[in-house]
Amino acid sequence: MGIIGKRVAYYPGCSLEGAARSYGVSTKIVAKELGLELDYLEDYNCCGAMESKNVTFMGTMLLNARNMSLARKQGHKVIVAPCNGCSFSLQRTEYFLETDKAVFDKVNALLREGGVDPLDQIPQTYHILEWFYHEAGPQKVKEKTRKPLRGLKVANYYGCLYTRPHFYARTYAHAGGQDEEARPRRRETADDDEHPYYMNALLEAAGATSVEFEPMHTQCCGGPHSLSDEMVSEKFVMMILQTAKRKGADIIATECPLCHASLEMYRHRLMMKGVPDVDVPAAYFTQLLGLAFGYSANDVKLKDNLSDPLPVLKKLGLA
Amino acid sequence: MAIHERSLVEPERILRKERLVIDGVDVSGDWNLIILPRVINDYDLDFGKEVLNTPEGKTINQCYQCSYCTSSCPVHNYWDERYNPRHFIYLARLGMIDELQKRADVMWRCVSCHKCTHRCPKGVLVEEVVKAILHVMAKRGLVEEYPSKKFDKFFTESVVEYGRIEDGELLFGWIEKQGYKVFKDPILKKPIPFIGETPEWLKELTLKPIKSMNIGFLVLNAKHMLVHPRTKNWSKFKHVLRKVMQEEGALN
């Protein structure tokens, strides 16, 4: 505990202030309850997600470096992002800035040109789940739980970029090479890379039961191709939803707005096609924690979830 | 050849015969399958070097072809056998461009799940390297436009223009690009859901918050669709971004 810091720069990402506002709202609630402080990154820009990096390398570096520079301006060494895509983008940038001096110098020069302070130090990025686990932990969640999620069977869906790739951040050595020491290493606080358990631990502390969900807990949902390659995404989401349903889950807990949107959108489409066993609703893990902390369904904006988890939660008397 | 890589051999090169007699010797049975040799007409070793020189592709030469990436890949396992990152790296290093070109129709299918990069024992950034190969191919005019590239460009354009993205604009903009006739209001040129032509699933999905009377959600998203959320003091930075993209040749 206490490795990352209780007060951090909070990079919400575009999604959390638009279609995924329920995640944004519930994240703030949970952070407040757990006694952690989020310092909103003023005037941030989009991280470029998984798309921009395929178009322009330096442009994506710049987009993220600008956010890092803003965090430094607000006096932070740590950025926390609730979205898998955002935290990945920032960590990827961190990796390239740390390992490639030429990229670092060029980025700094371009930042200055764009009217942003150059980076004196590269801030580190963590996913918000990692932060919650390390700075508050299951024990604290247990203390704060007023309405345990008793009887709720949760399939914890982590998505791809929460654990992968494990070495984009905090290795400081170039990937690979002959030197054993210089090989990619996991960062200290990172979740188990093949069998992540932080979300399981937090939700179990809040009284929920996790269902066996491997290996679909880190299966891709189609991600950046959820709009451009519909057939593949549909199949991936079908596999995730069916596994969850067949393992007996009432609800899928998510921790990324992109995965969440993809799951909800394709759940709807699959149901329209009459595919069996895909009717598991999805909710952000912060929403479930919020409910456990005694907040109402309206407080955590459960209505925003297009897959409508309310009936399931009402049936169990949780909302 | 590992069993899961049978797809590397084109079906027309695999010969299967019920009875096979070679030089008067009957070799039917176990020996009834023959793979015709491949003829390599041309190669270009500069191709691999060009990938190596991009920032994303600099780890390509660490690959020792163990195929961990391919066996992890969900696109390979669940969708199309022909998507094979190990093989793409192999072909790129040998500079066998025509072979790469034959696979250009699946190469874009990478969903960026990073299982390959994550599991690579040699620390090759496989996902980035495959993207870099595709990049170099596009630069040389070896690949046609593919759907994900269109979407990537569309997305990036929105980011560079406003500094932030807006989900509604992305969704409707993309649907418009797919060929649906999205209705737009005449003054602001913003898409209006429900009136124009939209896929059935999207119509039902947009109706959901209306049915559940989720006013806050509707107002917020309508506001964002009308007034695109943007980053303040963006114009100077936007200029630099455009300049950088121009240098990289990403704008065309």
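Which residue of E4(A) does Val80(A) stand opposite? Val80(A) stands opposite Tyr126(A), and the legends below set this pair in its surroundings.

The model is predicted, so that local features need pLDDT of at least 70 and side-chain atom pairs count only at pLDDT 80 or more, while totals for chains, interfaces and linings use all residues. Residues are numbered from 1 along each chain as its sequence is written, and chains are lettered from A and ligands numbered from 1 in the order in which they are written.

**View 1. The open sheet of chain A.** Four strands (DSSP runs of E, at least two residues, numbered from the N terminus) form an open, parallel sheet in the order E2-E1-E3-E4. Because strand E2 (37-40) and strand E4 (124-127) of chain A each have a single partner strand, one side of each is left without a neighbour in the sheet.

**View 2. Strands E3 and E4 of chain A.** Strand E3 (residues 78-81) of chain A pairs with E4(A) in the parallel sense over four bridges, where pairing requires that DSSP finds at least two bridges between two strands.

**View 3. The side of chain B that touches chain A.** Here 58 residues of chain B are in contact (C-beta atoms, placed from the backbone, within 7 Å) with 60 residues of chain A. Helices (DSSP runs of H or I, at least four residues) that each supply at least two residues of this side include helix H3 (74-79) and helix H9 (147-162) of chain B. The largest share, nine residues, comes from H9(B).

Technical notes
Two residues are in contact if their C-beta atoms, placed from the backbone, lie within 7 Å.
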